[in-house]
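Here's a quick briefing to read alongside the model. Have the sequence and the 3D view open as you go.

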Amino acid sequence: MGTLKDPTTGACVTLGTRCLFGRHPACDVRVDEPRVSGEHASLHWMGDRWELRDLGSRNGTFLDGRRLSPGERVALVRGATFSLAGPGAAFVLEDADPPGAAARCEASGEFRAASGGILALPDEDRPLASVFEDSGGHWVVETGSEVRPVADGEVIHVAGLGFKIELPRSAAETWQSEGGGLVLEAIHLRLSVSADEERVRTTVVAGGQETTLPLRTHHYLLVTLARAWLGGGDKSIAQRGWVDRDVLCRMLATDANKLNVDVHRARKQFAALGIQNAAGIVERRAGTGELRIGVRSVEVTRM
């Protein structure tokens, strides 16, 4: 995900799709210096590159020492340095990767960026809504049993708060450009369960290599869904492995809120491995409240 670094302080800023720099309190990156204009410059993701634009500032925007013309747009590459109104407020494009989903809270103005390809709202501790790319590279929002497309600029309401969603300019293009890494659909998942069902060893097998994940309590959710998938071999792929949310909660002795947290944690753990479409490790069937495991090659064994 795109990241800026202040070379003076070492502070980093995670970039959303659009980032406004200036002295005004509403700017995404506020620079409290008198030479900086209220809305001084902007940085946008254009689908394949980051683009810097001077917004007609009085004292100029400088890229690698060259002053941009008012309104001029220039592409940035990783390591490029730009400054506002001279050398005082400088930034380095530390990471030029595409942005993920982001949101801004309408009440507080707080900016929330996706982590591991998944945007959790209102926050990581309460993932009541999740925004991510599905297996086709389309942005969706998942809230409880509902999974639906989400649009750039849409406001979604979670826990009494409104969040304005920011999405990369072309989700499908960004998805395709990220090819070459691990793909969820290509992995084999091995779940080894202790005799007392208290511990689960989770191993991801891909490309001839095995990666064993740190033990986590949410792995038993994967075991339960994997067993439902393996036990439904007489059904079509479309109908196989689905478990009603309330039934699943009873099986796991949990509630819907804790289930949402466990789903989110499982997705984040797989995303940390660099797996594309990691949010699909647990699928939800829109409008039904049903869930299933998102890999087709899975086994459950005893330790």
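How far does helix α2 reach from its first C-alpha to its last? The span is 16 Å, close to the 16 Å expected at 1.5 Å a residue. Keep in mind that this is a predicted model. Below are some notes on that helix, the aromatic rings and a sheet.

**Helix α2 and Trp-229**
- Helix α2 covers residues 219-230, which makes 12 residues.
- Plenty of its side chains are tucked away: the buried ones are His-219, Leu-221, Leu-222, Val-223, Thr-224, Leu-225, Ala-226 and Trp-229.
- Trp-229 also has arginine company: Arg-240 lies over the ring face at 4.1 Å from the ring centre, and Arg-296 lies over the face of Trp-229 at 4.6 Å from the centre.

**Aromatic pairs**
- There are 4 aromatic pairs in the structure.
- Take Phe-21 and Phe-82: their ring centres sit 5.5 Å apart with the planes at 85°, so this pair counts as edge-to-face.
- Phe-21 belongs to strand β3 (residues 18-22) and Phe-82 to strand β10 (residues 81-84), so the pair ties together parts 61 residues apart in sequence.
- Both Phe-21 and Phe-82 are buried, and ring pairs link them with Phe-91 into a cluster.

**The open sheet**
- Strand β3 turns up again here, in an open sheet of 5 strands with mixed pairing, ordered β4-β3-β5-β6-β9.
- The edges are β4 (29-30) and β9 (73-76), each pairing on one side only.
- β9 pairs with β6 (residues 50-54) in the antiparallel sense, over 4 bridges.
- Across from Arg-73 in β9 you'll find Arg-53.

Technical notes: Residues are numbered from 1 along each chain as its sequence is written. This is a predicted model: local features need pLDDT of at least 70, side-chain atom pairs count only at pLDDT 80 or more; totals for chains, interfaces and linings use all residues. Side-chain values use heavy atoms; hydrogens and water are left out. Helices (H or I, at least four residues) and strands (E, at least two) are DSSP runs, numbered from the N terminus. The expected span of a helix is 1.5 Å times one less than its number of residues. Buried means under 20% relative accessible area, exposed over 50%, partly exposed in between (1.4 Å probe, protein chains only). Rings of Phe, Tyr and Trp (its six-membered ring) pair if their centres lie within 6.5 Å; planes under 30 degrees apart count as stacked, over 60 as edge-to-face and the rest as tilted. A charge sits over a ring if NZ of Lys or CZ of Arg is within 6 Å of the ring centre and within 35 degrees of the ring normal. Two strands pair if DSSP finds at least two bridges between them.
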